[in-house]
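Please look through the model shown here slowly, moving from a pair of helices to the contact of two chains and then to the DNA.

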Protein chains: 2
Amino acid sequence: MPSTTTAPSARLAGPARRAAILAAATELALSDGLAALTLRRVGERAGVASGLVAHYVDGMDALVAEVFAGISARERSEVAGVRGIAPLVRTLTDGTRDAVTRVWVQAWAESPAHARLAAAVRDEQAAWRALLEDALREAGAADAAPVARALLGMIDGVNAHALAGGRDRADHAPLLLRALEAMLGMQRGALDDSQ
Amino acid sequence: MPSTTTAPSARLAGPARRAAILAAATELALSDGLAALTLRRVGERAGVASGLVAHYVDGMDALVAEVFAGISARERSEVAGVRGIAPLVRTLTDGTRDAVTRVWVQAWAESPAHARLAAAVRDEQAAWRALLEDALREAGAADAAPVARALLGMIDGVNAHALAGGRDRADHAPLLLRALEAMLGMQRGALDDSQ
DNA sequence: GCGGCAATTGATCAACCGATCAACTCAGAG
DNA sequence: CTCTGAGTTGATCGGTTGATCAATTGCCGC
């Protein structure tokens, strides 16, 4: 079996190789962080010379932005099947997506220095806000836009804190749902579908 | 007048020089980010050779952790004078502390790779949680601990999103206060002291 | 005034970074 | 079967980083 590096891959057609490199970079970002995306380490992970990575990418900044956007978009599509705002909040705070949260936090941190990454962050943030906004409207919320914005920040913040907090990962979903009811002007328990 | 670098400082006693270097590093972190803390750039800012910075510090990781802890502790003491949970929430989300938020986000991002920084982040998070917990208890909240934890995450998350969002910085304080009332089981408007 | 010692310098090292490019290799068209 | 062009390599360059340390400087006690 190969170690961490993929088996010495055969020659691939251009687009296929590019896809393989992107996949390797995505794995690497999820396991070792966005900062681990260097020409040499991505090449090693993909079983390819560093020069080939550079050949298929318009600079490392562009690769980082593309990898981030891909990770966020994939998570968005994974979550698109969840019906109802309450299950959505529960899913997004159940602690099974720490690797993705880490990537988000690193993207925020590097945004001031990397314009392309910053643009990708803005786009993905807007897409997530739209996703939450739709779910809120379906739940009968008026004026869903500002609440969606606040809710998204809350979810990400609570996840980021849990990431750094270590052992004591608390279950924030019930508190978040009560908070959400209040922000929407709903009765307490209106979003509680747990029983 | 000196440019960005401090005037060619005279010879200082050990502890004084160390303090000066720490101050320069703190300025640098707030203006250019934690990642800007290199031996050479800190030295330049302090008007001192890079070797001297290394001489007064137990490795750059330790300096980064110390600078972060200092920035967070200073902000905590600045805010300690604010009485009441509602003014506290408003103060922490008024957008005047973006530089500090940036440092927090960068600390989260680098924590997985830097043990000392990670420990400092945990400590500061605990201190902030305790601060909020006290304020909540004063406002008559029972079971303040989990709510303090969630509220802290919400504040940081909302601030981080505002940081990345660019132009459209929203005023989240009213929504946060309504959410907080609900999490505490209080009546709507119970925390509204705006008039 | 003068020695001694702490403060300070800045060159140096190895490691890593992104980017470049001449040279090599192989699959598939003719 | 050959030959062309796309895929691929890996050495190389200039730059930045943290760390080290011999050499220098200047203050302070005597």
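How are α6(A) and α8(A) oriented to each other, roughly parallel or roughly perpendicular? Before answering, keep in mind that this is a predicted model, and begin with the two helices themselves. Helix α6 of chain A covers residues 98–110 and helix α8 of chain A covers residues 144–165, and their axes come within 10 Å and cross at roughly 105°. Since angles of 65 to 115 degrees count as roughly perpendicular, α6(A) and α8(A) are therefore roughly perpendicular to each other.

The residues that meet where these helices touch can be named on both sides. From α6(A) come Asp98(A), Thr101(A), Arg102(A), Trp104(A) and Val105(A), and they meet Asp156(A), Asn159(A), Ala160(A) and Leu163(A) in α8(A). Sorted by character, the residues of this contact of α6(A) with α8(A) comprise four nonpolar, two polar and three charged.

From a contact inside one chain we can turn to the contact between the chains. Chain B contributes 37 residues to it, and chain A contributes 36 residues. On the side of chain B that touches chain A, the elements that give two or more residues are α6 (98–110), α7 (115–138), α8 (144–165) and α9 (173–183) of chain B. The element that gives the most to this side is α8(B), with 15 residues. The residues on this side of chain B divide into 20 nonpolar, 10 polar and seven charged.

The DNA comes next, beginning with strand C. Around DNA strand C there are 21 residues, and the closest are Thr38(A), Ala54(A), Gly59(A), Gly14(B) and Gly51(B). Two or more residues of this surface are given by each of α2 (39–46) and α3 (50–55) of chain A, together with α1 (14–32) and α3 (50–55) of chain B. With four residues, α3(B) gives the most to the surface near DNA strand C, and the residues of that surface are eight nonpolar, eight polar and five charged.

DNA strand D can be read in a similar order. It is surrounded by 22 residues, of which the closest are Gly14(A), Gly51(A), Thr38(B), Ala54(B) and Gly59(B). Here α1 (14–32) and α3 of chain A, together with α2 (39–46) and α3 of chain B, each supply at least two residues of the surface. The most is given by α3(A), with four residues, and the residues of the surface near DNA strand D divide into nine nonpolar, eight polar and five charged.

Methods:
Residues numbered from 1 in each chain as written. Chains lettered and ligands numbered in written order. Predicted model: local features only at pLDDT ≥ 70, side-chain atom pairs only at ≥ 80, totals over all residues. Contact = placed C-beta atoms within 7 Å. Nonpolar A, V, L, I, M, F, W, Y, C, P; charged D, E, K, R; others polar. Near = placed C-beta within 6 Å. Axes fitted to C-alpha atoms, helices over the stretch in contact; angles between N-to-C directions. Parallel < 35°, antiparallel > 145°, perpendicular 65-115°, else oblique.
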